[in-house]
Every structure is written in C-alpha cells, then in structure tokens.
Amino acid sequence: MTSLYCLRSVWPFSPLRAARVDMTEMEAILHTLNKEVGNYPFLLSCRQADKLCGMADALEAIIPPGQRQQVASARKIINAKRNLTAEIDSLNEQDQEYLNRNFWKITHDPVVYAETQFTARGEHYSGNEQKGYLEVRGDAVKGFEAETTLKNLRPGRYRVSAVVRASKAEHSNVYIFTKTGNGNLCTKEIPAMGNTGGNVWFSALCRFEQRAGNHDFVTALDIDKTTANGGQGFGWNRIWLDEVTVHDDGNLTYGVSTRPEITDSRQINSSWFSACDFIVERIGD
C-alpha cells in the first residue's frame with residue numbers, strides 16, 4: 001500500500017544529502033509526492049497535511065526552479081483537502097488511513113472522536129487479520145453515516161453490493177443505501193446474525209466441499225474464508241441493491257447508515273455493525 005508512511009520511508013532529502021540527489025531520484029520523489037496527495041479524497045487531517053507540506057517544503061528548497069511548479073501544485077491540493085474540523089484530527093491513524101483509502105466521508109450524532117473508533121481489524125471475512133473494515137459500536141452507532149460519491153458514470157442501470165454484518169437482533173435497522181442525482185433513494189437492511197455464519201462463509205464452504213469432493217483445485221481464498229473463526233465464519237453477508245438508475249448527471253452516492261432519513265426509523269436494534277468491499281457494477285442501459 002502506498003501511504004504517507006511509505007513516502008516517509010523513501011524520503012531522501014536533508015541539507016547534507018541534497019547535493020547528492022540525482023535527477024532520476026528527484027523525479028521519483030516528485031511522482032511519489034503527487035501520487036500520495038491524490039490518494040486522500042476527504043479526510044486529510046491537519047496532522048497528515050502538515051507532514052505532507054513539510055515534505056513539499058523540503059523538496060522545493062533543493063530542486064531546480066523548473067520543477068518547483070509540481071511541488072507548488074501538490075501543496076495547493078494538500079491545503080484544499082485539509083479538513084478544518086479539529087475533531088477529525090483526533091481520530092486514530094488507523095481510522096484516518098482506512099477512511100481515506102476507501103473514500104469514506106463520515107457524519108454522525110455527536111461523539112468524542114478521541115474515544116471513538118470507526119474501523120476494525122481481526123474479523124475480516126477473508127480470514128486475513130490485517131485487513132480493515134468499517135466497524136461502529138456503542139454510542140457511535142446512533143445517527144451514523146458513511147458515504148462516498150462516484151461522478152461521471154455512464155447513465156444506466158447499476159447494481160451496488162457490499163459485505164456487511166451486524167450484532168444479533170430480529171432486525172438490525174442498519175442499511176446500505178444509494179442516492180442518485182434525481183434524489184432517488186434505494187436501501188437494504190443489513191442482516192443481524194452476529195459474528196458467526198453468513199452467506200460469504202457458507203458459499204465458500206459449499207465450494208470447498210464440492211471441489212474437494214471432486215478432487216478439484218480449491219483456491220486459497222476459499223480455504224481462508226471457510227476456516228475463518230475456527231470454521232464458523234464471522235457473520236459476513238454480501239447483499240445487493242439492484243436496479244439503481246444513474247441519470248445524465250452521472251452521479252451515484254452509496255454508503256451505510258443508521259440515520260432516520262435512510263432507515264425510516266429512529267430505533268437501532270444492533271449494538272454494532274461492520275461493512276466493507278462495496279462494488280458498483282453497470283448492468284444495463
């Protein structure tokens with residue numbers, strides 16, 4: 001993963017080294033800086049912005065005048081993406097990194113950011129303990145919404161899916177949703193099965209048993225999904241919103257929410273929920 005941390009790891013510049021940096025190395029660092037800046041769509045915190053601007057300042061001080069416009073352009077983008085809400089800066093770095101990498105913009109009823117987590121690791125449906133996902137618990141569940149907007153899509157019919165789960169209840173009252181340019185809203189409730197089972201695990205188990213029974217090749221991913229949580233799965237289900245119509249403006253917003261305007265209810269039955277791996281597919285005109 002290219003990240004702010006990776007950029008720091010390749011950062012070669014200091015006053016003592018400046019004279020030894022050749023043009024190839026300079027171009028590589030310029031490219032890395034601009035690529036890194038482009039990876040932060042919404043929640044570039046003040047801390048992250050300051051680190052990136054510090055790198056840009058150090059670079060600008062030693063490169064030839066003809067290349068300084070690239071650094072100035074990167075700094076302009078950094079400052080445009082700087083989130084001016086002080087609370088965002090108190091999110092832990094894991095949350096900030098995941099939300100940025102996955103283009104999530106979050107809103108919710110008041111919580112103390114420094115005491116609230118919006119992501120987790122350890123129970124990903126793939127069995128990979130290092131993979132992150134949105135996860136909201138406790139007071140942060142109330143009035144929560146994470147969304148992202150795609151632009152310039154080709155008009156037509158789309159399917160939006162996500163891998164989700166929620167704590168056990170008759171109904172979770174937590175929904176994935178889509179909104180299009182004409183204000184049309186589509187929603188689907190997240191199954192409330194807790195952290196075992198789920199159709200992602202069950203589908204992998206069926207494929208594993210069928211292929212193993214026929215002495216066919218079984219993928220490593222299916223093995224990992226099948227054996228996750230000691231062979232019980234982690235409760236993840238892939239759910240779909242079909243027949244989502246994108247209009248001529250080409251805009252599509254999707255996400256997960258507990259807000260009454262999305263769920264049509266002020267009651268939230270699940271005490272926690274998780275979501276990841278949203279997929280948008282065009283399925284027709």
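Here are some notes on a predicted model of a protein chain, for someone opening it for the first time.

1. Ground rules. Residue numbers start at 1 and follow each chain as its sequence is written. In this predicted model, local features need pLDDT of at least 70, side-chain atom pairs count only at pLDDT 80 or more, totals for chains, interfaces and linings use all residues, and side-chain values use heavy atoms, with hydrogens and water left out.

2. How far to trust it. pLDDT is the predictor's confidence in each residue, on a scale from 0 to 100. The chain has a mean pLDDT of 82, with 80% of its residues at 70 or more. Among its elements, strand 5 (residues 156-166) has the highest mean, 97, and helix 1 (residues 4-10) the lowest, 42. Over residues 1-21 pLDDT stays under 50, and the model has 44 contacts for them beyond four places in sequence; a contact means heavy atoms within 4.5 Å.

3. The overall picture. You'll find eight helices and ten strands in the chain. Both are DSSP runs numbered from the N terminus: H or I over at least four residues for a helix, E over at least two for a strand. Of the 285 residues, 45% count as buried, that is, under 20% relative accessible area (over 50% is exposed, in between is partly exposed; 1.4 Å probe, protein chains only). Looking at contacts with a separation of 6 or more, 79% join residues 24 or more positions apart.

4. Ser270. Look in the loop between helix 8 (260-263) and strand 10 (272-284) for Ser270. Its relative accessible area is 3%, so Ser270 counts as buried. Its side chain reaches the backbone oxygen of Ser167 at 2.9 Å. Beyond neighbours within four places in sequence, Ser270 touches Val141, Ala166, Ser167, Ala169, Ser172 and Ala192.

5. Asn173. This one sits in the loop between strand 5 and strand 6 (175-180). With a relative accessible area of 12%, Asn173 is buried. A polar atom of the Asn173 side chain lies 2.7 Å from the backbone oxygen of Gln267. Setting aside neighbours within four places in sequence, the contacts of Asn173 include Gln267, Ile268 and Asn269, as well as Glu189 and Thr258.

6. The cavity. There is one cavity of 30 Å³ or more. On a 1 Å grid over the protein atoms alone, a cavity is a set of points where a 1.4 Å probe fits but cannot get out, while a pocket is an open set with protein on both sides within 12 Å along at least five of seven lines; lining residues have an atom within 4 Å of a point. The largest cavity holds about 30 Å³ of space, and its lining includes Tyr125, Trp201, Lys225, Phe234 and Trp236. Helix 6 (199-213) and helix 7 (220-231) each supply at least two lining residues. By class, that lining has six nonpolar, three polar and one charged residues (Ala, Val, Leu, Ile, Met, Phe, Trp, Tyr, Cys and Pro are nonpolar; Asp, Glu, Lys and Arg charged; the others, Gly among them, polar).

7. The second largest pocket. About 170 Å³ of space lies here, a volume being the space filled by probe spheres set on grid points, which are joined across faces, edges and corners. Twelve residues line this pocket, with Thr116, Gln117, Val136, Arg137 and Gly138 nearest its centre. Strand 2 (119-121) and strand 3 (132-137) each give at least two of them, and strand 3 has the largest share, three residues. The lining splits into four nonpolar, four polar and four charged residues.

Conventions: A polar contact is a pair of N or O atoms within 3.5 Å; within protein, one must be able to donate a hydrogen and the other to accept it, and residues adjacent in sequence count only if both atoms are side-chain atoms.
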